[in-house]
Amino acid sequence: MDDEGEVTQPQEQSCWATLPDVCLRRIFWWLGDRDRSRAALVCRKWNQMMYSADLWRYRTITFSGRPSRVHASEFESALWYVKKFGRYLEHLEIKFLNPYNAVLTKKFQVTMRGLLSCLGKSNNRLKSLSIQHLELDRLVWRNSIRGSLIKSLSFFLKKMGKHLDHLSLKGARLTVEQGCHILNSLSYLRNENLASELNIEDFFSHHLAVYGSSQFNKAMATFHNLTFLTLNYNCISDELLETLSENNAGTLRTMNIKCHVHDPHGQVVWGMSWAKLARQASNLKVNFFFERVMKYERLARILLQEIPVRSISLRSCYFSDPDWSMRPTLTDILPSFRNTLQKLTFEFNNNHESLDEQLHLLILACRKLFYFKIWAFLDVKFVERILKSQEEGQCSLRTLKVRIYTNRYETNEEDRTLREIYRKYRKLIDSELNYFVIAYPMM
């Protein structure tokens, strides 16, 4: 009522004042940190919404790795975030991009020490941790800085190992002793680790024959619940496969194996070891990624027919070797996996030999193949042959990506032919295929 005793009507409220919490949380979810902070100043309700656990479960913290005023506060803001909202974190990804000098690596190490310490005290729900491409074997990392960072990470994993389900330390590039020390931290005070996803691709430095290390095999023996395992071929041995058969047969579904030209990969792994693992882990599928490992003799030693191979990627990175031939691999090795192979990726320089016929026959042989990508010297008509086979039901591709290399600067003729092929099979392409085909001058 007013001063004269008459009833006054309440002022009309904004629709934002009555917005349900679930809708408001969804709006906050799409906002960046700066906008969230500003929105939290609007009213008490919006300020409370700022502290909803749903908003802070996933986080990517990126350090540019370059000295600049724009990125000067990266380290301080990372610590501020973890202190304020770290207790809600369930999935954390940390990126340190191309560290420029020792001063920055030291700053990163100090920040990580504070960040991990704070997180270890306040958080009991972290499920996923990813710290990739640290490249700790580079000269920019001084021994003392590297040692302190490894110590902080190991101490953190000892505290959080019982919660973590996913750990990715891809590209850490450690010594065998350092790497095994970190892996053992996950099973601290226990005989086993229950993490289901482990990514240790390039976890060890190049040139290390990890497959001969008893330390590594003992560290891997602590894992009893692995579903996804990513590692380098220089870690593979009969002992490791035996360990996986004994401890992870009921859970293991996927192995991603990278084989790099600079990694030792001359070890002998018996087909019976792979056969036992495939028999015990009946749902296992193996994906191989080869970087500049292209010669038939090396591939034949690695790609044993007992392996349940789902995907193979062969990349030569434009290197050309006149003594190398891809034909035996296409005709003798890869058809062995016709019953399991689903994805094929080729990137190589075959200027000295034609492979159109062999590639076409391989696609027809692998009836489960649904993804095919190739960058190579090919005849443009190769694409038409694949589409014709697809139309006739001889193959079941869902993705076809082709980069046709040519030795000419101009690709007008190839482009015209490709347009004609597309028009001819447009209905098929639009209804069935993720299709991308171009001609590319390779001079």
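Contact here means heavy atoms within 4.5 Å. With that settled, I looked at the whole protein: residues 24 or more positions apart account for 79% of its contacts with a separation of 6 or more.

Notes to self on the source. This is a predicted model, where local features need pLDDT of at least 70, side-chain atom pairs count only at pLDDT 80 or more, and totals for chains, interfaces and linings use all residues. Residues are numbered from 1 along each chain as its sequence is written, and side-chain values use heavy atoms, with hydrogens and water left out.

**Overall look.** I found 16 helices and 13 strands; helices (H or I, at least four residues) and strands (E, at least two) are DSSP runs, numbered from the N terminus. Taken along the principal axes, the C-alpha atoms fill a box of roughly 95 × 60 × 45 Å. Of the 443 residues, 50% count as buried, meaning under 20% relative accessible area, with exposed being over 50% and partly exposed in between (1.4 Å probe, protein chains only).

**Helices 4 and 5.** Next I checked how helix 4 (residues 74-85) sits against helix 5 (residues 102-122): they pack at an angle of about 5°, with their axes 9 Å apart. The axes are lines fitted to C-alpha atoms, for helices over the stretch in contact, and angles run from 0 to 180 degrees between N-to-C directions. So helix 4 is roughly parallel to helix 5, a label for angles under 35 degrees (over 145 is roughly antiparallel, 65 to 115 roughly perpendicular, the rest oblique). Helix 4 brings F75, E76, A78, L79, V82 and K83 to the contact, and helix 5 brings L104, K107, F108, T111, G114, L115, C118 and L119.

**Helix 7.** I then listed the buried residues of helix 7 (residues 176-185): V176, G179, C180, I182, L183 and S185. Their cover includes helix 6 (143-160), strand 5 (197-199) and helix 8 (214-220).

**Cysteines.** How many disulfides does a search of the whole structure find? I got 0, with a disulfide taken as a pair of cysteine sulfur atoms within 2.5 Å. Why no bond for C180? Because the closest cysteine sulfur, in C235, is 8.9 Å from its own, too far for a bond. C180, already on my helix 7 list, is buried with a relative accessible area of 1%. C395 is also without a partner, because its sulfur is 11 Å from the closest cysteine sulfur, in C366, too far for a bond. C395 is buried too, with a relative accessible area of 5%.
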